[in-house]
Amino acid sequence: MKFAGIDIGSRTIKLAVIDSDGNMIVRKALTSYNPLETIAEISRGIEYDAIAATGYGRHLVKGRLECQVISEIKAFAIGARSINPASALILDIGGQDIKSILLDESGAVLRFEMNDKCAAGTGRFLEVMAVALGYDFAEFSSAALSAARAEEINSMCAVFAESEVISLIARGALRNDVALGIHKAIVSRSIALLKRVSPGTCEVFFAGGVALNECVRSLIAESLGVPVYTPPDPQIVGALGAALFEADRHMQVIPVNHDSMIISN
Amino acid sequence: MNAKESLIPLFNDEFTGQPPAKRLLAHLQSKREKNARLVGIYCGYAPVELIHALGLVPATLCAFANSTIEAAEAVLPANLCPLIKSSYGFIIKDTCPFFAISEAVIAETTCDGKKKMFELISQYRPMHVMDLPQLPDEPEAIESWTVMIGKLKGFLEKTFNCSASDADIERAIKDANEKTRKMNLVFDYLALDNPGVGWKEMYDLFFLAQSATAAEMAPVFDDVLAKLEKRKQDGYSHGAKNAPRLLVTGCPIGGDAAKVFTIIEETGGAIVAFDACTGMKPYMQFIEEGTGNPLRALAERYLKVPCSCMSPNNMRLSDMDRLVKRFRPDAVIDVVLQACHSYNVESHKIGKHVQEVHGLPFLKIVTDYSQSDMGQISTRVEALLESCDKGGKPCLR
């Protein structure tokens with residue numbers, strides 16, 4: 001049997017289809033102003049027996065598609081465990097949300113925290129700041145990593161921080177120093193969220209689009225003094241979790257291949 | 001026809017399905033037509049028994065609409081609690097029908113924002129501010145609060161040219177206790193395995209009972225209790241059978257903030273306890289009768305309202321213990337209105353208590369009256385309900 005999971009995020013829609021042997025197909029697309037159309041596009045030609053939806057748009061598809069709906073919290077918990085069975089502390093930084101999740105030994109959610117409705121410290125925040133500094137996504141992280149020092153960014157609001165960045169540049173601050181400051185700001189917010197669910201230190205399973213940013217990864221590892229595990233594709237953890245949730249409902253245990261994993265620190 | 005369609009609403013009148021304030025307004029207007037005089041109140045510390053004893057009628061003033069906030073923000077800072085901003089907006093826009101028919105307003109020194117907001121509306125109606133002691137365990141607190149209730153009596157007597165004897169107050173106390181007793185009979189139906197009543201019908205009752213006396217409420221309670229018993233006999237459940245049970249604690253909730261209740265029920269949760277001034281707090285205690293000093297008896301009772309403006313607010317924890325024991329929630333949600341510092345800070349203590357003493361999952365929601373965070377709130381509530389999934393595996397791997 002084939003099980004699909006679809007994660008309808010604020011910026012990206014992810015689709016993961018896994019068969020009973022653990023073979024996986026993954027597709028991604030920008031959410032756009034018409035997520036239903038995007039969903040139809042990325043699932044074109046894909047076959048599956050059952051599907052579960054997660055992500056902020058999960059209820060959008062519920063009426064249109066015969067599917068189960070689970071929260072992102074649960075989807076990430078299942079997805080992270082399947083990739084790294086030892087994971088207990090999960091950080092997900094997506095386009096619109098940051099969440100930290102603490103699991104117990106069995107993988108059940110013990111505690112979770114999410115940011116409020118504003119985009120402070122999310123992937124969207126990084127995007128806005130990268131544009132303000134004239135970087136594309138890949139350059140942004142490497143520029144920050146090359147900085148000798150960090151300019152301090154005090155505002156976590158995406159709107160105010162942008163003005164702050166502009167005034168720093170106007171005062172002659174180096175572009176890459178500002179870039180590092182921005183990365184540090186988002187990391188300090190993530191760490192506060194992690195500490196709320198887990199005051200002690202333990203390895204962090206880092207998921208979501210922002211986990212692709214090497215500077216954020218290394219800063220988190222450095223500040224917490226713990227290893228940060230990033231799966232080969234950190235964006236599909238939620239979709240994979242939803243697919244595996246569906247498999248479990250059909251009494252199927254699927255072996256997930258977790259050999260290849262990017263480990264920073 | 002399914003059970004829900006054939007269900008007779010607890011309040012089967014022209015206000016069924018409408019905001020509960022409308023029924024309350026109609027009740028107050030009918031009182032006014034019979035020459036009753038109204039006193040506006042904002043808070044659970046206003047001793048309504050004293051108002052009733054004086055032959056006056058308490059009217060709860062509007063505080064729960066997002067629509068009046070924009071006008072308020074022309075004067076008040078944006079980063080103030082929405083309840084205060086909304087209250088103020090209603091007054092300056094003159095859109096609170098309860099204020100329109102009230103001849104005086106009672107205020108209390110609870111939180112800083114309210115204290116200062118009251119100063120700004122003091123010119124619109126005769127206003128009396130009660131100096132609420134905030135260290136309730138100090139021996140002077142009860143002395144001082146008794147004096148303040150006495151001063152309120154003086155203010156109302158002078159403003160309305162009326163008076164109340166100790167016997168009048170004693171009668172009002174007995175009436176309030178009867179209301180508390182009846183209300184707790186209703187609460188028994190929330191304690192059932194499958195409660196046959198949801199938040200909207202409970203709010204119909206909470207709103208009306210804020211102003212009405214036990215005597216006025218008697219036929220309402222008889223009818224409501226009979227219907228609840230019938231629902232129980234019919235095996236009716238408001239939500240899904242064996243739905244996760246939730247205790248909602250924290251700031252007062254009504255109007256646009258009630259989105260949280262809507263989300264909880266839509267997500268599949270059963271709200272079994274309403275731990276707020278807009279819910280069960282007014283009915284958590286009886287007032288001592290026959291003390292010979294009814295003003296002091298009132299003061300004793302009202303000092304036991306566990307508002308986060310009190311320090312330390314130990315009563316909130318002991319009331320939580322009582323509620324958990326009685327209503328057996330599977331999880332607790334603490335609703336904090338944005339910029340309500342005291343409830344926001346106290347939330348940490350509540351969360352720790354709920355998790356460590358009762359072993360229950362805990363979720364804190366900070367929100368305002370806008371509807372823009374409904375997606376985020378529903379994600380959190382869904383995840384909370386998943387984590388207390390009865391009988392099922394909470395998480396798979």
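Trainee: The expected span of a helix is 1.5 Å times one less than its number of residues, so what should the 12 residues of α3(A) span?

Mentor: They should span 16 Å, and the end C-alpha atoms of α3(A) are 16 Å apart, which agrees. Helices here are DSSP runs of H or I with at least four residues, strands are runs of E with at least two, and both are numbered from the N terminus. This is a predicted model, in which local features need pLDDT of at least 70 and side-chain atom pairs count only at pLDDT 80 or more, while totals for chains, interfaces and linings use all residues. Residues are numbered from 1 along each chain as its sequence is written, and chains are lettered from A and ligands numbered from 1 in the order in which they are written.

Trainee: OK, and is α3(A) mostly covered or mostly open?

Mentor: It is mostly covered, with 12 of its 12 residues buried, where buried means that 20 or more other C-beta atoms, placed from the backbone, lie within 10 Å of the residue's own (exposed is 12 or fewer, partly exposed is in between). Among those buried residues are A:E72, A:K74 and A:R81, along with A:I73 and A:F76.

Trainee: Which domains does chain A have?

Mentor: The domain assignment, which is automatic or from a database, gives domain 1 (1–84 + 233–265) and domain 2 (87–230) of chain A. Their C-alpha centres lie 24 Å apart, and 21 residues of domain 1 are in contact with 27 residues of domain 2, contact meaning C-beta atoms, placed from the backbone, within 7 Å.

Trainee: And which element gives the most to the domain 1 side of that?

Mentor: On the side of domain 1 of chain A that touches domain 2, α3(A) gives the most, with 7 residues.

Trainee: What about chain B, how many residues of chain A are in contact with it?

Mentor: 20 residues of chain A are in contact with 15 residues of chain B. On the chain A side, the elements that give two or more residues are α3, β8 (109–114) and α9 (237–249), and α3(A) gives the most there, with 7 residues.

Trainee: Switching topic, how many residues does the largest nonpolar core have?

Mentor: It has 210 residues, and those with the most contacts inside it are A:I6, A:V204 and A:A243; such a core is a set of buried Ala, Val, Leu, Ile, Met, Phe, Trp, Tyr and Cys residues joined through C-beta atoms within 7 Å. Helix α9 (residues 166–190) of chain B gives the largest share of this core, 9 residues. Both domain 1 and domain 2 of chain A give residues to the core, so it lies between them.

Trainee: What is A:A243 in contact with?

Mentor: Leaving aside neighbours within four places in sequence, A:A243 is in contact with A:F3, A:A4, A:G5, A:A16, A:V17, A:I18 and A:A52.

Trainee: Any odd backbone spots in chain B, say, what is the phi of B:D94?

Mentor: B:D94 has a positive phi of about 55° although it is not a glycine, and this residue lies in the loop between α5 (82–92) and α6 (97–100) of chain B. B:D94 is exposed, with 10 other C-beta atoms within 10 Å. B:N161 also has a positive phi, of about 50°, without being a glycine, and counts as exposed with 8 C-beta neighbours inside 10 Å.

Trainee: And which peptide bond is cis?

Mentor: The bond from B:S311 to B:P312 is cis, with omega near -15°, and B:P312 lies in the loop between α13 and α14 (314–327) of chain B.

Technical notes:
Two residues are in contact if their C-beta atoms, placed from the backbone, lie within 7 Å. The expected span of a helix is 1.5 Å times one less than its number of residues.
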